[in-house]
Amino acid sequence: MAVEKVEAYLTRKQNSAKGPVADDWKNLNDHYSKKLWHQLTVLTRALVKKPAFVAGVDMTEFYDNFVSEWELRANPLQLVEICIPISENIAIKDRPKSLEFLAKIGKVVSKDKVAIARLHTGEIASRLVSKDANGQIPDLKEIRAQIDFTQKEVDALVGVTEVHAPFYRVSALYLREIGDFAGYYREALRYLGVEDAKNLSAEEKQVHAVLLGFAALLGENVHNFGELLAHPIIKALEGSREQWLVDVLLAFNAGDLPRFFSLENNWGSWDDMKRKKDFLTAKIRLMAIMELALARPTKARSISFKEIASKCQIPFDEVEFLVMKALSKDLIRGDINQVEQVVYVSWVQPRVLDSSQILAMASRISEWRKDVNLMEGIVSKEAREILTQN
């Protein structure tokens, strides 16, 4: 009886459709009648994301008359991937009903950890796009709690699964909504680390690059830009109107204040950047201290107050406060000699280096190798003399 019901529904939709969409319905009918469940699952997952197909379908009816009849034969994760777009379509007219629909699917796939984590990620995504008349998301606290719960589910999975990319994406979206730039930067990089670049359009890549760039600059305690600058996503800005953003990131990474200020006509035209000019200036000064220390050999990391004042473009009497701030943030470790007006740096916070910084490090390693060889020669000579005396 169920088979006849499904085939009647598919035949009716095929007869009422035209062109390629009619072919889609025919293929669904063929796969179903032949019980090709895997092929049917793959095709259905593709069609629920196809605008031309979805435009002429009542998705609630599509689920009730078709998907529900074979959902237990489908891979649980694939079933969730089919039902999430269906819920998004339902949400256009009735968002509470779409969440009820996902809850019902949750009971079907409840025994599959990967599928249930993916379902919860879909619920979070649905809540994040639900806004009130003022453009605000009404239940942010509930969303935060659901993200924390789903995070535990995702962490419990073995390896990188199909759930990781969608989860990190919605987690990053939430952090962007609440204005947590540093959190967004961290989660967005995680998302891009597990997402297949082929799934992103050129426009999406550019949007991600811009958002990440702003998050890196405006994020509290984000002082490592090397990972972003080395990421392929940053290439999406080459030749675009936002090319200047890469230049600003490079200036920060090198602690180059003159270059940063020379680009003010670009970054100053953005309200968030203009409003946080003092914050940005203080941040690049801290990165300038890191760069000063990093550029020196480990055994000669003493930096005069005068050199810091010049590099960071600050009055001489503000150097000590700036260094103390860098120490308090654990960007560097060392001591301040107020009498000699020198800072002794023993450690610099590890970070991803760009090509020029790597070359500088290679040069220092080469010098260190020479020193080791020299010391080896001295030890060998002294040892010979001691042995000869004995």
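## A walk through the model

Start by selecting L374, which is exposed, with a relative accessible area of 55% (buried means under 20%, exposed over 50% and partly exposed in between, using a 1.4 Å probe and protein chains only). L374 sits in helix α21, which covers residues 355–389 (helices are DSSP runs of H or I with at least four residues, strands are runs of E with at least two, and both are numbered from the N terminus).

Before you click on, keep in mind that this is a predicted model: local features need pLDDT of at least 70, side-chain atom pairs count only at pLDDT 80 or more, and totals for chains, interfaces and linings use all residues. Residues are numbered from 1 along each chain as its sequence is written, while side-chain values use heavy atoms and leave out hydrogens and water.

**Next stop: the strands**

Select residues 332–337 for strand β2 and residues 342–348 for strand β3. How many bridges join β2 to β3? There are six, and the two strands run antiparallel (strands pair if DSSP finds at least two bridges between them). Show I332 and look across to β3, where V348 stands opposite. Then do the same with G334, which faces V345 in β3.

Now follow the chain around the hairpin of β2 and β3, where four residues lie between the strands. Pick Q341 here: its phi is positive, near 55 degrees.

β3 has another partner to look for. Select residues 302–304, which form strand β1, and you'll find an antiparallel pairing with β3 over three bridges. To see one spot in this pairing, highlight S304 together with V342, its bridge partner in β3.

**Next stop: salt bridges**

How many salt bridges does a search of the whole structure find? The count is 18 (a salt bridge is a side-chain nitrogen of Lys or Arg within 4 Å of a carboxyl oxygen of Asp or Glu). Let's visit a few.

Put D24 and K50 on screen as sticks: their side chains meet in a salt bridge, 2.7 Å from N to O. D24 belongs to helix α2 and K50 to the loop between α3 and α4, so this pair ties together parts that are 26 residues apart in sequence. Is D24 buried or exposed? D24 counts as buried, at 9% relative accessibility, and K50 counts as partly exposed, at 28%.

Now jump to E264 and K277. They form a salt bridge too, with the closest N and O atoms 2.9 Å apart. E264 is in helix α16 (residues 264–267) and K277 in helix α18 (residues 277–294), so parts 13 residues apart in sequence are tied together by the pair. Try a surface view here: E264 counts as partly exposed at 27% relative accessibility, and K277 also counts as partly exposed, at 31%.

For a bigger group, select R45, E81, R118 and E162, which are linked in a network of salt bridges.

**Next stop: around Q146**

Bring up R127 and D139, another salt-bridged pair, whose closest N and O atoms are 3.1 Å apart. R127 lies in helix α8 (residues 113–128) and D139 in the loop between α8 and α9, so the pair ties together parts that are 12 residues apart in sequence. R127 is partly exposed at 22% relative accessibility, whereas D139 is buried, with 18%.

Keep R127 on screen and add Q146, which is in helix α9 (residues 140–155). Q146 is buried, with a relative accessible area of 15%. What is Q146 in contact with, once you set aside its neighbours within four places in sequence? Look for H120, E123, I124 and R127 (contact means heavy atoms within 4.5 Å).

**Last stop: two loops**

Find K35 in the loop between α2 (19–33) and α3 (37–47). K35 is exposed, with a relative accessible area of 56%. Now zoom out and add A326: K35 and A326 are 291 residues apart in sequence, and their C-alpha atoms are 66 Å apart in space.

Finish at D317, in the loop between α19 (305–312) and α20 (319–328). D317 is exposed, with a relative accessible area of 66%. Draw a C-alpha to C-alpha distance from D317 to F305 and you should get 8.9 Å, for residues 12 apart in sequence.
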